[in-house]
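Reader: I have the sequence and the coordinates open. Can we go through them in short steps?

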Amino acid sequence: MTTYTKEEVLLQARGLSLSYDNACILRDVNFSIRDIVRPGLQQGQVVSLIGRSGIGKTQLFRVLSGLQKPGAGSVTIRQRLAARTVPVSLCTEHPVQPGDMGVVFQNYYQFGWRTVRQSLLLAARQNKALGCTEKDAIEAYAARFELSGVLHQYPQQLSGGQQQRVSIIQQLLKGSDFLLLDEPFSGLDVCVLDKVAELLVQVSLSDELKTLIIVSHDIDTTVSISDTVFILGKEAGKPGSTITREIDLIGRGLAWQKDVRKEKAFADTIAEIRGCL
Amino acid sequence: MVLLQVTLTLLLWQSGAGGLIPAPTKIAAALGHLLTTRLLSDNILVSLLLTGQAMFWSILITLGFAYLSVIPFFSSIAQFIVKCRYLTLTGLIFIFTLLTRDGSQLKLSLLVAGIVPFFTTSFLSVIVNIPKQEFELCQTLGYSRWQSLYEVIIVGKADQVFEILRQNFAISWMMITMVEGLSMSEGGIGTLLIRYNKYNDLTNVIALQMVIFGIGLCFDYLLGTLRRWLFPYTKL
């Protein structure tokens, strides 16, 4: 049995609601993400937000990232700012603002007029913790993510997988503890899919407070790398979508395992999630 | 293909020419003569300098209003400038004469007034069509409003400013002949054209039109090449 504890709340969504043209999209969304501590490990958090197409996942994604103000409710986060040595318990909670979270859009949008190196440098310069080591950090990330050979190229010259990795590195260089990913597995072939999943696991293990929130409808892949699943769905007779279910994958012994997909409990959990949608 | 089309046109023209319409051979001879005189080169230089000055000021004014158009107060002014495309300058020449010191300033101000509405129209359409995601990416990187404006509009759209410049060079080059006719003392290719026109020297008029057309095409090519060199991503 894996030893772990759940400590401080890193993100708290309270009573989130969102409407467009009097149509309720999100209603009373409440959930929290806590810091998972495993002795001797830098264990980050990987949370997946699963729901059917058109249920409001992208709207919730935008609210969580601070790009969209909710009609009601709030999203608060607790994160270290410049000094990464400060314990999270000493950091104050504050409402999320645009720029607080790293955001990787579904189409991996990048500035078309900047080379990969320039784009990464723009992000790294926003990260005060890097000091004057931005260029070294870029080289290190590029090597780790197999992008050293394309640093001088423009986004239009990259493959979809390379663009995705550039987007992820860009947001990591910015230095945010939170990384929101909108459909990171869509449109990828099977081989690349596993690589991207492995990459996200690596990212989550890079820092104790690194928290990945994956919005996806690819249930198998997303759940295989997550520690917690939130299901966004509708409740009978009520308008809008809300969190209808929280599944603790650690409690079920399904988190942090490389070959988790081979386990019967995993297949049962996937079936259970599908049943909730 | 193009060569064949041009040859066919010239042959048709040559066979149909006569009376008042000069034949291509006569125009070629006049063009050859013009090219050997200093008269043409001096006047071309005057016109190019005036066009260059007009382009410079027009870009400055356009960029100023276009960048400021994100602020509501300047937005309505920019919209008014766009509508000024429908104003004809002919009736306003007297007012411009009163407002300027000399013929040189009059020509420059008329050119600028003629170009700016077209520049502003083109550039505002570029700004309006900026994808929301470009600003959102700036937001996710923690940029301030001014940083976003600099990155997305100033740096990100620099190539399109250059393209607008290239497209609108044609307008200023077309207007040069009109404004140079207003103050002929300084010369210019427009002055030369009006003089030949006055004496109904159609051979030289068409030869001069060829020169104006050729210079326009050269600048179009030059600015296009320069854009691809300065902004290599536009080739992708």
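Author: Let us start with a helix pair in chain B; keep in mind that this is a predicted model. Helix α3 of chain B, residues 38-68, packs against α10(B) with the axes 7 Å apart. The angle between them is about 125°.

Reader: Are α3(B) and α10(B) parallel or oblique to each other?

Author: Their packing angle is about 125°. Angles over 145 degrees would count as roughly antiparallel, and 65 to 115 as roughly perpendicular. The angle fits neither range, so α3(B) and α10(B) are oblique.

Reader: Which residues of α10(B) meet α3(B)?

Author: From α3(B) come Asn43(B), Ile44(B) and Ser47(B). By class, the contact has three nonpolar, four polar and no charged residues. On the α10(B) side the residues are Ile189(B), Gly190(B), Thr191(B) and Leu192(B).

Reader: What follows α10 in chain B, and which residue there has a positive phi although it is not a glycine?

Author: A loop lies between α10 (189-198) and α11 (202-230) of chain B. Most residues other than glycine have a negative phi. One residue in this loop has a positive phi of about 55°. That residue is Asn200(B).

Reader: Is Asn200(B) buried or exposed?

Author: Asn200(B) has 8 C-beta neighbours inside 10 Å. The cut-off for exposed is 12 or fewer. Asn200(B) therefore counts as exposed.

Reader: Where does α1(B) lie, in the open or buried?

Author: Helix α1 of chain B spans residues 2-16 and has 15 residues. From first C-alpha to last it reaches 21 Å, close to the 21 Å expected. The number of buried residues among the 15 is zero, so α1(B) lies largely in the open.

Reader: Which residue with a positive phi follows α1(B)?

Author: The phi of this residue is near 150°. The residue is a glycine, Gly18(B).

Reader: How many helices does chain B have?

Author: Along the sequence, the pattern is α-α-α-α-α-α-α-α-α-α-α. The number of strands is zero. The helix count is 11.

Reader: What share of the residues of chain B is buried?

Author: The C-alpha atoms of chain B fill a box of roughly 70 × 50 × 30 Å along the principal axes. Chain B has 236 residues. The share that counts as buried is 26%.

Reader: Which helix of chain B gives the most to the side that touches chain A?

Author: The contact takes 12 residues from chain B and 19 residues from chain A. By class, the chain B side has five nonpolar, five polar and two charged residues. With five residues, the helix that gives the most is α7(B), residues 132-140.

Reader: Now chain A. How do α2(A) and α3(A) pass, in a left-handed or right-handed crossing?

Author: Helix α2 (residues 116-124) and helix α3 (residues 134-144) of chain A pack at about 125°, with axes 10 Å apart. That makes α2(A) oblique to α3(A). Arg117(A), Leu120(A), Leu121(A) and Ala124(A) of α2(A) make the contact with Glu134(A), Ala137(A) and Ile138(A) of α3(A). The crossing is right-handed.

Reader: Is Asp28(A) exposed, partly exposed or buried?

Author: Asp28(A) lies in strand β2 (residues 23-37) of chain A. Its phi is positive, about 45°, although Asp28(A) is not a glycine. There are 17 other C-beta atoms within 10 Å of Asp28(A), and buried needs 20 or more. Asp28(A) is therefore partly exposed.

Terms used
Residues are numbered from 1 along each chain as its sequence is written. Chains are lettered from A and ligands numbered from 1 in the order in which they are written. This is a predicted model: local features need pLDDT of at least 70, side-chain atom pairs count only at pLDDT 80 or more; totals for chains, interfaces and linings use all residues. Helices (H or I, at least four residues) and strands (E, at least two) are DSSP runs, numbered from the N terminus. The expected span of a helix is 1.5 Å times one less than its number of residues. Axes are lines fitted to C-alpha atoms, for helices over the stretch in contact, and angles run from 0 to 180 degrees between N-to-C directions. Angles under 35 degrees count as roughly parallel, over 145 as roughly antiparallel, 65 to 115 as roughly perpendicular and the rest as oblique. Two residues are in contact if their C-beta atoms, placed from the backbone, lie within 7 Å. Ala, Val, Leu, Ile, Met, Phe, Trp, Tyr, Cys and Pro count as nonpolar, Asp, Glu, Lys and Arg as charged, and the others, Gly among them, as polar. A crossing is left-handed if the near helix is turned anticlockwise from the far one by less than a right angle, and right-handed if clockwise.
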